[in-house]
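Q: Please take a close look at one helix in this model. Then work outward from it to other contacts in the chain.

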Amino acid sequence: MSRRSGTQSLTRFLVIRLLSVVLILFLISFLTFSLMHLVPGDLVKNLIGNRPATPEAIAQIRAQYHLNEPFLSQYFSWLANALHGDFGTSIRLNEPVSTAISARLGMTAVLTILAFVFAVATAIPLGVLSAIHSNRPTDKFITAAGLFGLSAPSFAIGLALLMLFGYYIPIFPVYGIGSGGINTLYHLVLPSITLALGLAAYLIRITRAAMIRELASDYATFAFSRGLKPRKVYLIALRNASIPIVTSSALLLTYLVGGTILVETVFALPGLGLLMEEAVLFKDIPVVQGLTILIALVIGVVNIAVDLSYRFLDPRMRDSQ
């Protein structure tokens, strides 16, 4: 395939993927807006609390937040503002949604990256090791450990780590994000491990299965028979098994982006997960909408990046698109 046709193919690929992401964002925003209106509870009562309020005050609140307008009118009003970069004002925090999200985005991003690094750095070597020693004690031990990681819920793992390393062996802090820099990373060690364990267990199984398939193929058998060093054969097999591993890693990353709520709650971390939980409970629709769009956008971008990686990892896919 010529360079020009390859560039056209890549451009067409990116345009189609970007349009699909835009469509998905629109559908998700509409569904989220609809579901938040169906959630039990009255926003006016949440704002007023137990204080007595006159009918005039209640009417003023409903007018301020456009609660008297039809549902579709409320949604399209929000959508028009969102297209101009205005996601509204948090009802609970009384500050712009963009400000509320940006103040917590950094902590969640660091937590997600740390968990992803822990998961990938441990899972891929263990998966390869398990495949090399297939059906031997090493393989059985790694498989059993992975099964435990898949079965245990993240909040239970978090509580167990808190008890072990925060109480019995107090070497890690049990809550908060510290004072910044290295101290913040130190505070995020236990939360990131908690978030990474189940994901690493899943990735171990994928890596093991992909490596066993590659090591059983004809080219690997031929390489071993020619006296090629096992380390080099394993590296070749790992490269050929990279597509399912990359796909699984991307799925882990997208899960991490939206799966921090329980971990942030257990470790009292002021991140996006905790912000989402509080916004849903308070029925803070602008914040829920903004966070949902952000998470969906990140997931869409990650998926596009994974699709692009396929074109570089497997030339056959590059030629077929």
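A: A helix here is a DSSP run of H or I that is at least four residues long, and helices are numbered from the N terminus. Keep in mind that this model is predicted.

Start with helix α14, which covers residues 272-282. Its buried residues are Leu272, Gly273, Leu274, Leu275, Met276, Ala279 and Phe282. Just after α14 comes lysine 283. The phi of lysine 283 is positive, near 65°.

Now look at glutamate 278 in the same helix. Its side chain meets that of arginine 92 in a salt bridge, with N and O 3.0 Å apart. Arginine 92 sits in the loop between α4 and α5, so to speak a long way back: the two residues are 186 apart, and the pair links distant parts of the chain. How open are the partners? Glutamate 278 has a relative accessible area of 32%, so it is partly exposed. Arginine 92 is partly exposed too, at 28%.

The count of salt bridges comes to two. The other pair is aspartate 139 and arginine 208, whose closest N and O atoms are 2.8 Å apart. This pair also links distant parts of the chain. Aspartate 139 is in helix α6, arginine 208 is in helix α9, and 69 residues separate them. Buried means under 20% relative accessible area. Aspartate 139 is at 2%, so it counts as buried. Arginine 208 is at 22%, so it counts as partly exposed.

Stay with helix α9, residues 189-215, and find threonine 194. Threonine 194 is buried, because its relative accessible area is 2%. A polar atom of its side chain lies 2.8 Å from the backbone oxygen of leucine 190. Leave aside its neighbours within four places in sequence. Threonine 194 is then in contact with Ser154, Ile157, Gly158, Leu161, Val263 and Phe267.

Last, turn to the rings. The whole structure holds eleven aromatic pairs. One of them joins phenylalanine 30 and phenylalanine 71. Their ring centres are 5.9 Å apart and their planes meet at 65°, so the pair is edge-to-face. Phenylalanine 30 is in helix α1 and phenylalanine 71 is in helix α4, 41 residues apart. Phenylalanine 30 is partly exposed at 29%, and phenylalanine 71 is partly exposed at 27%. Both belong to one aromatic cluster, along with Phe26, Phe33, Tyr75, Phe76, Trp78 and Phe87.

Key: Residues are numbered from 1 along each chain as its sequence is written. This is a predicted model: local features need pLDDT of at least 70, side-chain atom pairs count only at pLDDT 80 or more; totals for chains, interfaces and linings use all residues. Side-chain values use heavy atoms; hydrogens and water are left out. Buried means under 20% relative accessible area, exposed over 50%, partly exposed in between (1.4 Å probe, protein chains only). A polar contact is a pair of N or O atoms within 3.5 Å; within protein, one must be able to donate a hydrogen and the other to accept it, and residues adjacent in sequence count only if both atoms are side-chain atoms. Contact means heavy atoms within 4.5 Å. A salt bridge is a side-chain nitrogen of Lys or Arg within 4 Å of a carboxyl oxygen of Asp or Glu. Rings of Phe, Tyr and Trp (its six-membered ring) pair if their centres lie within 6.5 Å; planes under 30 degrees apart count as stacked, over 60 as edge-to-face and the rest as tilted.
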